[in-house]
Amino acid sequence: MTGGLTPDSLLPFASDARAVPARAFFVQPTLRVARALLGMVLVHETPEGVTAGRIVEVEAYRGPGDRAAHSAGGRRTPRNEAMWGAPGHAYVYFVYGVHWCVNVVTQPPEVPEAVLLRALEPLAGLELMRARRAVPATAGPPRRPLADWQLCRGPGALCRAMGIDRARNGADLLAGPLRLLHGEAIAEAGVARTPRVGVDYAGADARRPWRFAVRGSRAVSGQRL
DNA sequence: GAGTTGATCACT
DNA sequence: GTGATCAACTCT
């Protein structure tokens, strides 16, 4: 630990920064974990500084039986190895030649399920996030400065703003530079459920309502819910 | 709808 | 080993 990530320094980001989730939290059914992650806080400490945001959008991926999951059909490769590992750790992968995406691994080892983090409402380190996002993922004309609510809108954008990449794959989310904290719980009425994004190839599994989002948050990707 | 690059798979 | 295909995306 480099010293910046103390309980006191985290207090501004969470209702009770000392209450990091217990390991058992991540062994609940994956859909329940996904739902409960809404409102929790993701913090990343890097040499450049600390960034943090409140989770407002997630998707559950449910292991071998889920054709949309990277572990569909029991597929196990170096890329998705972290999904098969211990709960409460990060599974970070690269997609479309451009973007990193971060998942929270659920279930005991050898049960490859996870929850993709799709959007955050920024809480801390906003200027660092803006600087990271100012470097476009793809070539193109200069962009207008992003509004706060756009900084972590979408799974690729979230990783770029938070500085999450391959180096965090397999990292423990209960200790270390990338960390989850309890935040303010989201009431049932404030949660929207929809099918997952970008998994049309998965047949019937593509239609399962395993995306969870905080209703009304501008930071939720795609159409507002 | 293009752009980008790594992983994976179906072949030699 | 090699080459083809495609991917849990983002911005125009």
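These legends describe close-up views of a predicted model.

**View 1. Surface around DNA strand C.** DNA strand C is surrounded by 20 residues, of which His70, Tyr93, Asn103, Arg133 and Tyr201 come nearest. By class, the residues of this surface are 11 nonpolar, six polar and three charged. Sugar or phosphate accounts for 60% of the strand atoms within 4 Å of the protein, and bases for the rest.

**View 2. Polar contacts to DNA strand C.** The side chain of tyrosine 93 places an N or O atom 2.9 Å from a base nitrogen of the strand. Glycine 156 uses a backbone N or O atom, which lies 2.8 Å from a phosphate oxygen of DNA strand C. Two or more residues of the surface near the strand come from each of β3 (90–95), β4 (99–106), β5 (113–124) and α4 (155–162). The largest share, three residues, belongs to α4.

**View 3. Arginine 133 in helix α3 (residues 126–134).** A polar side-chain atom of arginine 133 is 2.3 Å from a phosphate oxygen of DNA strand C. The arginine 133 side chain also reaches the backbone oxygen of leucine 151, at 2.9 Å. Arginine 133 is buried but has no salt bridge; aspartate 148, the nearest side chain of opposite charge, is 11 Å away.

**View 4. Cysteines without a disulfide.** The structure holds zero disulfides. The sulfur of cysteine 101 has its closest cysteine sulfur in cysteine 159, at 5.9 Å, which is too far for a bond. For cysteine 152 the closest cysteine sulfur is also in cysteine 159, at 9.3 Å, again too far for a bond. Cysteine 101 is buried at 4% relative accessibility, and cysteine 152 is buried at 0%.

How values were computed:
Residues are numbered from 1 along each chain as its sequence is written. Chains are lettered from A and ligands numbered from 1 in the order in which they are written. This is a predicted model: local features need pLDDT of at least 70, side-chain atom pairs count only at pLDDT 80 or more; totals for chains, interfaces and linings use all residues. Side-chain values use heavy atoms; hydrogens and water are left out. A disulfide is a pair of cysteine sulfur atoms within 2.5 Å. Buried means under 20% relative accessible area, exposed over 50%, partly exposed in between (1.4 Å probe, protein chains only). Helices (H or I, at least four residues) and strands (E, at least two) are DSSP runs, numbered from the N terminus. Lys and Arg count as positive and Asp and Glu as negative; His and the chain ends are not counted. A salt bridge is a side-chain nitrogen of Lys or Arg within 4 Å of a carboxyl oxygen of Asp or Glu. A polar contact is a pair of N or O atoms within 3.5 Å; within protein, one must be able to donate a hydrogen and the other to accept it, and residues adjacent in sequence count only if both atoms are side-chain atoms. A residue is near a molecule or strand if one of its heavy atoms lies within 4 Å of it. Ala, Val, Leu, Ile, Met, Phe, Trp, Tyr, Cys and Pro count as nonpolar, Asp, Glu, Lys and Arg as charged, and the others, Gly among them, as polar.
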